[in-house]
Structures are given as C-alpha cells and as structure tokens.
Amino acid sequence: MRSIINTPEGTRDRLFAECRGRRRVRQALTGLFQGRGYGEVSTPEVEFYDLFLQSGSPLPQEAMLKIIDRGGRIMVMRPDCTTPIARVAATKLKNLPLPQRLYYDQTVFRSGDAHRGGSSEIAQCGVELIGSAGRKADLEMVALAVDALRSCGLTDFHVELGHAGFFRNLAARMEMDEDEVERMRALIEGKNFAALNDLLEPYGDRPACQALRRLSRLFGGAEVLDEPPLPLSLPDETADFGAQPDSRTALRSRPANSRRLENNIIATNFLQIVSLSFFMPLGKVGQHNAQHRRGQHGAHRQGGGHAESIEQGG
C-alpha cells in the first residue's frame with residue numbers, strides 16, 4: 001500500500017480560480033499603494049531570530065518557525081514584515097530623506113496552536129509610513145486602509161481605532177515580569193475577561209489594576225466617549241485621544257444608520273494592542289482575516305512610523 005504525503009500542518013495547495021482571485025486582490029492593492037507614492041521593498045524569507053528578540057516584537061517566540069544554519073545560529077522564517085522593513089530603513093535607507101513610504105507583498109510564517117486549523121503561511125500586502133507622525137499621518141493610514149478594502153471589492157467591514165499607549169503605560173505600573181505582561185496583553189487582545197480577572201487578582205489593590213479591568217471593556221461606538229474617566233493620569237501621548245470636542249460632537253451627531261465613512265467605522269477601542277485594525281473576509285478569495293496595523297512594534301513607533309497590512313490566511 002502506497003503512503004500519501006500531505007502538506008505540512010498549517011499549509012495547503014491552492015488551485016486555479018483561487019490563485020486567480022488572490023492574484024487580482026494583490027494586484028489591486030499594490031496598484032493602489034504605488035498610486036499613493038509607496039515604493040516596494042522585499043526582505044528575505046529567513047531572518048536572524050535575534051532581530052525579533054531585540055526589537056521588542058510582541059510575537060511570542062513559540063509562534064516563530066525556527067531553523068538552525070550551518071554555523072549553529074538560530075534563524076526564523078519571516079514571522080512579520082514590519083520588523084525586517086524597520087531593519088532595512090535603519091541600514092540601507094538611513095540616508096534617504098523622511099518620510100519614507102514603503103509597501104510590501106510577501107508571505108509571513110507562523111506556528112499556530114495545534115489542531116486549531118490556522119494557517120502557518122500568511123500572505124501579507126501592506127505599507128509602512130516611516131518618519132511621519134501626527135494626525136495627518138494617522139488620517140493617511142485610515143484613508144488608505146479604507147481605500148484598500150474598497151479596491152478589493154469589499155463593502156461590509158468596520159475599522160476599530162485604539163491606542164497602544166494606554167496599555168503600555170498601565171502595564172508599566174503593575175510591576176509584572178515580561179512573561180506576565182505578555183500574557184496579560186494576549187488576554188486583553190483576545191477579550192478573555194475571565195482569565196484576565198484571574199491574572200489581575202493578586203494586584204487588585206492597585207489603581208492601574210482597576211484601570212486595566214475597565215480598559216478590557218472599553219470598546220464599541222461613540223458611546224464609549226461618555227464613559228467616566230479612568231482613575232489615574234494617562235501618558236501625554238494618549239492625553240487627547242478622542243478627547244477633542246469637535247471629534248466627540250461629530251461622532252455623537254451622526255445618524256444611527258449612517259454608513260460611518262460609508263463602511264461602519266467603530267469610534268474607539270482602547271484595549272487594542274495594535275493601534276488601528278480591522279477584520280473582514282476577503283470577498284471571493286475565500287474566508288480570510290484582514291488586518292490593518294499601525295505602529296505595531298515599539299521601536300518602529302519611536303521613529304514616527306505607521307504600518308498597514310492586509311493578511312490573507314488559510
């Protein structure tokens with residue numbers, strides 16, 4: 001009896017119509033990015049593990065596919081696009097004027113939990129805006145994200161706005177070790193309220209702990225802006241997040257059935273670890289997740305960078 005060799009866990013073959021559909025989506029996205037002045041960069045599929053270790057990447061090490069080179073050094077299959085592009089910007093592009101507008105169309109590789117059916121190879125098409133900060137840069141990213149989805153033929157999606165500074169500031173006040181902070185981040189990102197309460201139980205007498213419990217539920221529409229203020233001061237970088245009277249008035253005055261940028265945009269979500277994200281199916285390409293990420297890694301954000309990516313998984 002002949003044995004049948006299947007593809008490795010988390011991978012699969014794609015045939016004919018699906019390949020054509022994926023190609024159309026990627027061509028629509030890259031065409032849009034080029035039209036907005038973004039230049040393509042490509043990074044190796046294999047990187048040194050130390051690059052992600054030293055950059056403060058939020059990806060847990062067990063999510064990275066590791067290999068050993070002939071010199072005994074630990075390598076990883078590229079688990080993320082932003083960190084390698086930050087490396088390129090800090091080396092090969094360091095003498096170019098800012099801001100720099102870069103885009104990529106490549107695959108990342110991640111090791112998911114066994115038996116969950118996730119994909120280990122994820123096609124990403126996105127942009128990095130480096131050396132530009134402020135509301136104008138934020139607006140450019142939001143507008144480009146919406147236009148990117150529309151270019152793929154999508155009409156039913158929503159955008160969640162958040163700020164990583166809230167979590168970072170509160171976590172710094174908890175005196176937790178790095179492993180506990182990462183676990184707390186994952187629980188908040190997954191909105192796992194029961195497990196989060198268990199983790200925070202030993203810290204219950206700290207004001208930051210009470211604020212973190214509230215942050216895990218501060219998401220939704222414009223009504224979130226009416227929530228009582230958190231019982232502690234927040235960092236300067238988040239002080240005016242959603243606090244401008246004009247923004248509040250505009251958000252509250254919209255009709256309940258308005259399309260919100262024509263696509264049901266969510267006003268705010270303080271607990272999102274990534275600053276700006278959305279999730280939706282990629283139309284005829286199949287049921288995939290799509291994400292828009294801005295400033296996902298701390299080192300990248302310090303340079304005034306923004307990142308956006310469309311992911312096709314499965």
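A residue is called buried when its relative accessible area is under 20%, exposed when it is over 50%, and partly exposed in between, using a 1.4 Å probe and protein chains only. By that rule Arg101, at 27% relative accessibility, counts as partly exposed. Keep these words in mind, as they return throughout this report.

The model you see is predicted, and local features need pLDDT of at least 70, side-chain atom pairs count only at pLDDT 80 or more, and totals for chains, interfaces and linings use all residues. Residues are numbered from 1 along each chain as its sequence is written, and side-chain values use heavy atoms, with hydrogens and water left out.

## Helix H4

Helices (H or I, at least four residues) and strands (E, at least two) are DSSP runs, numbered from the N terminus. Helix H4 covers residues 135-151, which makes 17 residues. From its first C-alpha to its last, H4 reaches 24 Å, close to the 24 Å expected at 1.5 Å a residue. The expected span is 1.5 Å times one less than the number of residues.

Which residues of H4 are buried? They are Ala137, Met141, Val142, Leu144, Ala145, Val146, Ala148 and Leu149. It helps to know that an α-helix has 3.6 residues a turn, so residues three or four places apart point the same way. Just after H4, Gly153 takes a positive phi of about 85 degrees.

## Strands and how they pair

Strands of a sheet pair through backbone hydrogen bonds, either parallel or antiparallel. Here two strands count as paired if DSSP finds at least two bridges between them. Strand E5 (residues 100-109) pairs with E6 in the antiparallel sense, over ten bridges. One residue to look for in E6 is Ile122, the bridge partner of Val108. Strand E6 (residues 121-130) is mostly covered, with nine of its ten residues buried.

There is also an open sheet of three strands, in the order E2-E4-E3, with antiparallel pairing. Strand E2 (46-48) and strand E3 (66-68) stand at its edges; each has a single partner strand, so one side of each is left without a neighbour in the sheet. On average, neighbouring strands of this sheet are turned by 40 degrees against each other, direction ignored. Such angles are taken between axes, which are lines fitted to C-alpha atoms (for helices over the stretch in contact), and run from 0 to 180 degrees between N-to-C directions.

E2 and strand E4 (residues 74-77) pair in the antiparallel sense over three bridges. In E4, Met75 is the bridge partner of Phe48.

## Salt bridges

A salt bridge is a side-chain nitrogen of Lys or Arg within 4 Å of a carboxyl oxygen of Asp or Glu. How many salt bridges does this rule give? The count comes to eleven. Three of them, including their closest N to O distances, are set out here.

| Acidic residue | Basic residue | Closest N to O distance |
|---|---|---|
| Glu18 | Arg12 | 2.6 Å |
| Glu47 | Arg87 | 2.8 Å |
| Glu140 | Arg101 | 2.9 Å |

Glu47 and Arg87 link distant parts of the chain: Glu47 is in strand E2 and Arg87 in helix H3 (residues 82-91), 40 residues apart. Glu47 is buried, because its relative accessible area is 6%, whereas Arg87, at 24%, is partly exposed.

Glu140 and Arg101 also link distant parts of the chain, with Glu140 in helix H4 and Arg101 in strand E5, 39 residues apart. Glu140 counts as partly exposed, at 22% relative accessibility.

Glu18 is buried, with a relative accessible area of 19%, while Arg12 is partly exposed, with 35%. Arg12, Arg14 and Glu18 are linked in a network of salt bridges.

## One aromatic pair

Rings of Phe, Tyr and Trp (its six-membered ring) pair if their centres lie within 6.5 Å; planes under 30 degrees apart count as stacked, over 60 as edge-to-face and the rest as tilted. A search of the whole structure finds one aromatic pair. Phe33 and Tyr103 form it, 5.9 Å centre to centre, and with 50 degrees between the planes the pair is tilted. Phe33 lies in helix H1 (residues 17-35) and Tyr103 in strand E5, 70 residues apart, so the pair links distant parts of the chain. Both Phe33 and Tyr103 are buried.

## Cysteines

A disulfide is a pair of cysteine sulfur atoms within 2.5 Å, and the structure holds zero disulfides. Cys81 is in no disulfide; the nearest cysteine sulfur, that of Cys125, is 9.5 Å away. Is Cys81 buried or exposed? At 1% relative accessibility, Cys81 counts as buried, whereas Cys19, at 36%, counts as partly exposed.
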